[in-house]
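New to this one? Let's go through it by asking what earns each label.

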Amino acid sequence: MSLENKLSDGSAVLGVVGLGYVGLPLAVEMAHAGHRVIGFDVSGEKVDLINKGESYIPDVPMEELASLVDKGLITATTDFSQVASIDAVAICVPTPLDEMKEPDTSFMESAARAITPYLHADMLVTLESTTYPGTTEEIIQPILEVSGLTVGTDLYLAFSPERVDPGNPVYQTKNTPKVVGGVTPECTKHAVALYERFIDTVVPVSSTRASEMTKLLENIFRSVNIALMNELLQLCERMNINLWEVVDAAKTKPFGFMPFYPGPGLGGHCIPIDPFYLSWKARQFDFHTEFIELSGKVNEAMPYYVIQRLMDALNTQRKALGGSRVLVLGVAYKADIDDMRESPAIRIAELLQDKEADIVYHDPYVPVFKVAGTEVPSVELTAEELSHADVVLIITDHSNVDYDLVVSHSQLILDTRNALKAFDDSKVVRL
Ligand code: SAJ
């Protein structure tokens, strides 16, 4: 039976390579559509947890995964030879930057190499990892064709960017529109047929490059606009204008405006990283993506700006930062999640250490945090802890923090997220 028929009648066995915050929710949606799904990962620990029905991804409830595993719809393995028994496979592995801020495509390459020996005719491979335009056809396709199969003839290859926003209460894998672009129209057709099985809205585009660029545009749009806010914040501070108030006023415009906010810097596994995938590739075309470079520079400077503002705030109390006790409130890269990747709190903690501040932190989602090279526990947020600090530095505005307690018992607060906008208290200094 053809791939097309197997997809349409639900008998296609599907695979996911990379069982992280993208791959595991994807596998779950595939299984919910009735497909048998094999998850592949290099981590035996992840594989064992999944086969025990134990979810390690907050967006995948334990009981949901357990029931799909119990029904035999989801199994996980480190044995890539099982790729031989699947009809379509999605690759969902990390695409970080290396220490030179250049794309690290090694995870995608090793995933492609791992499946190549087991590819068979009439099989579909989709790449979901955020990457620069050209990756699918310049890197992945040559690796897969080592199998002797030819993309567009007896093997189908497409790019479909992941759009997972961890912790988003409204948009998850199933109800977030999915962009799909194939190497050939036939590839696009099969990839659309795959994703239509378990995602509400599928959006075909003309090529893998258009699809790769779509995701980068989405995230570059964010990083550039956040950088604009961060730059205007510094101007407004000099002009004694409350930019937070101005953004809230601007967003009353019902068309043609989208609010972004300043902050202590750019965290996460997407926004600080994705733009540099494009600026790197652009060099190949003798093109300098100045907006991306500028936004990176502005965003990367924010931790240093926070330290300067912290020193200014302590100065009003005639205190030096060196020797002052700083209680950092919230260290995750954004509110209401436990993810620390690229969190601005990391750089800020390093800078506080350089200034010889006495650092403690509280984050209800992050139990331990590395301060001055040592893993320290999150302190309990008590009146005593707050009053004992010379300054409280709000880096992440988690919703489940008692901000009344914070304002009542702190001596001084530097609020980098406007978490305390409801409070009118002279001890609160807004970034
Ligand atoms: N940030 C600001 N100001 C803002 C918005 C964000 O300083 O106005 C900071 C955040 O605190 C964080 C960083 O930028 O440190 C990134 O925040 P984000 O809201 O962009 O969240 P992410 O990194 O989780 O981005 C993801 C992305 N999803 C994917 O790449 C699939 C992004 O495309 C989503 O638009 C974003 O979630 C979202 O909308 O939440």
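What follows is a short set of questions and answers on the ligand and the two domains.

This is a predicted model, so local features need pLDDT of at least 70 and side-chain atom pairs count only at pLDDT 80 or more, while totals for chains, interfaces and linings use all residues. Residues are numbered from 1 along each chain as its sequence is written, and side-chain values use heavy atoms, with hydrogens and water left out.

Q: What makes a residue part of the ligand's surroundings, and which are the closest?
A: A residue is near the ligand if one of its heavy atoms lies within 4 Å of it. On that rule 17 residues surround the ligand, with Asn-219, Arg-222, Tyr-261, Gly-267 and Tyr-333 the closest.

Q: What makes the pairing of Asp-165 with the ligand a polar contact?
A: The rule asks for a pair of N or O atoms within 3.5 Å (inside protein, one must be able to donate a hydrogen and the other to accept it, and residues adjacent in sequence count only if both atoms are side-chain atoms). A ligand oxygen is 2.9 Å from an N or O atom in the Asp-165 side chain, so the pair fits the definition. The Lys-215 side chain has an N or O atom 3.3 Å from a ligand oxygen, and a polar backbone atom of Gly-267 is 2.9 Å from one.

Q: Why is the ligand said to lie between the domains?
A: Domain 1 (3-206) and domain 2 (234-430) both give residues to the shell around the ligand, so it lies between them. The bounds come from an automatic or database domain assignment.

Q: How far apart are the centres of domain 1 and domain 2, and what counts as contact?
A: Taken over C-alpha atoms, the centres are 35 Å apart. Contact means heavy atoms within 4.5 Å, and it takes 15 residues from domain 1 and 15 residues from domain 2.

Q: What is meant by the area buried between domain 1 and domain 2?
A: Buried area is the accessible area (1.4 Å probe) that two parts lose on being put together, summed over both. Here that comes to about 1400 Å², with carbon and sulfur atoms giving 61%.

Q: Why is the link between Glu-300 and Lys-101 called a salt bridge?
A: The label needs a side-chain nitrogen of Lys or Arg within 4 Å of a carboxyl oxygen of Asp or Glu. The closest N and O atoms of Glu-300 and Lys-101 are 3.2 Å apart, so they form a salt bridge. Between domain 1 and domain 2 the count is four salt bridges.
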